[in-house]
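Dear colleague,

I am handing over the structure we spoke about, and I would be grateful if you could look through it with the notes below at hand. The sequence and the coordinates come first, and my notes follow them.

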Amino acid sequence: MYYRNFILISLFCLSSILLPVRKVLAQQSARDTLKISMFYPAYSVSLPFGDLKERFGLSHTIGGGYTFLTKSRWMFTAEGNFLFGGNVKNLSSVLKGIMTSDGHVINDEGTFANLAVSERGYTFWLKTGRLFPFKTMNPNSGILVMAGAGMLQHKIRIDVSQNNTPQLRTDYKKGYDRLCNGPAITQFIGYQHIDNNKRLNFFGGIEIVEAWTQSRRSYYFADRLIPNEKRFDMQVGIKIGWLVPLYRKTGREYYYY
């Protein structure tokens, strides 16, 4: 009996000596991370309103930004976007004086110039807002409300195939492109989702843009005047984005003996 107890005690002590202490670092899930830095690409499609409706149709933006989510669920964002669209309205009045009655421009070879006309521009934003989580189990997903300020620029892009139309070369083109820009504000309401497993992270919702723009060209050739227009340009659209969170490599430590 004595020898049996001695052997059992010896085996227990030996196993305690030979079995190393294992240190395990358990990585946090997204719901445990309350402060998150994120980069994101984004896309939106918008309808024009105000003065912008008289010049362009449906437009698109592609861009991206950086956002920081605080522990108190406030978000701070810097964002830039490229604006483009294929529907330019009232082109005959824009190119009045160099366009024929049937809607063509004559090139230097005496034939019809091959024109490609589109909308181009960009936006820059500094935004802030608040995230309202649905459930306490994941404080990083829920209703997102944002507002910001920045600038909007837009113009008519006129592309001439083979550059064989003197009326629309170099600086002459600036007299027809209707370049405008100015201060702007934006509002967004939608949904943000950050997956607990850090795989599916996105946002989507409705975006509104209001801008107070004016012409930045010194002369409009078609109208033969120095422009002095004050505009109110507005867009309402749907915006989606893919979030790329940057997590710090922190975690909990567990010890097993």
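What follows is a short account of aromatic pairs, a charge over a ring, and the surroundings of two residues.

Please keep in mind throughout that this is a predicted model, and that the values quoted below are computed from it.

Aromatic pairs

A pair of aromatic rings is described by the distance of the centres and the angle of the planes. The structure holds 11 aromatic pairs. One of them joins Phe82 and Phe84, whose ring centres are 5.7 Å apart and whose planes meet at 20°, so the pair is classed as stacked, given that planes under 30 degrees apart count as such. Phe82 has a relative accessibility of 41% and therefore counts as partly exposed, and Phe84, at 22%, is likewise assigned to the partly exposed class, because that class begins where buried, meaning under 20%, ends.

A further pair is made by Tyr219 and Phe221, and here the arrangement is tilted, with 5.8 Å from centre to centre and 55° between the planes. Tyr219 is partly exposed, its relative accessible area being 33%, and Phe221 is also partly exposed, with a value of 30%. These two residues belong, together with Tyr172 and Tyr176, to one aromatic cluster.

A charge over a ring

Which residue lies over the face of Tyr220? It is Arg178, placed at 4.0 Å from the centre of that ring.

Surroundings of Phe84 and Val88

Returning to Phe84, this residue is found in strand S4, and, leaving aside residues up to four places away in sequence, Phe84 touches Ser59, His60, Thr61, Ile62, Glu119 and Arg120. Its C-alpha atom is separated by 9.8 Å from that of Ile156, although the two residues are 72 residues apart along the chain.

Val88 is located in the loop between strand S4, which spans 74-85, and helix H2, which spans 91-94. Is Val88 buried or exposed? With a relative accessible area of 16%, Val88 is buried, because the cut-off for that class is under 20%. With the same sequence neighbours set aside, the contacts of Val88 are Arg55, Phe56, Val117, Ser118, Glu119 and Ile156, so that Glu119 appears among the residues touched by Val88 and among those touched by Phe84. Val88 and Arg157 are 69 residues apart in sequence, while their C-alpha atoms are 9.4 Å apart in space.

With best wishes

Technical notes. Residues are numbered from 1 along each chain as its sequence is written. This is a predicted model: local features need pLDDT of at least 70, side-chain atom pairs count only at pLDDT 80 or more; totals for chains, interfaces and linings use all residues. Side-chain values use heavy atoms; hydrogens and water are left out. Rings of Phe, Tyr and Trp (its six-membered ring) pair if their centres lie within 6.5 Å; planes under 30 degrees apart count as stacked, over 60 as edge-to-face and the rest as tilted. Buried means under 20% relative accessible area, exposed over 50%, partly exposed in between (1.4 Å probe, protein chains only). A charge sits over a ring if NZ of Lys or CZ of Arg is within 6 Å of the ring centre and within 35 degrees of the ring normal. Helices (H or I, at least four residues) and strands (E, at least two) are DSSP runs, numbered from the N terminus. Contact means heavy atoms within 4.5 Å.
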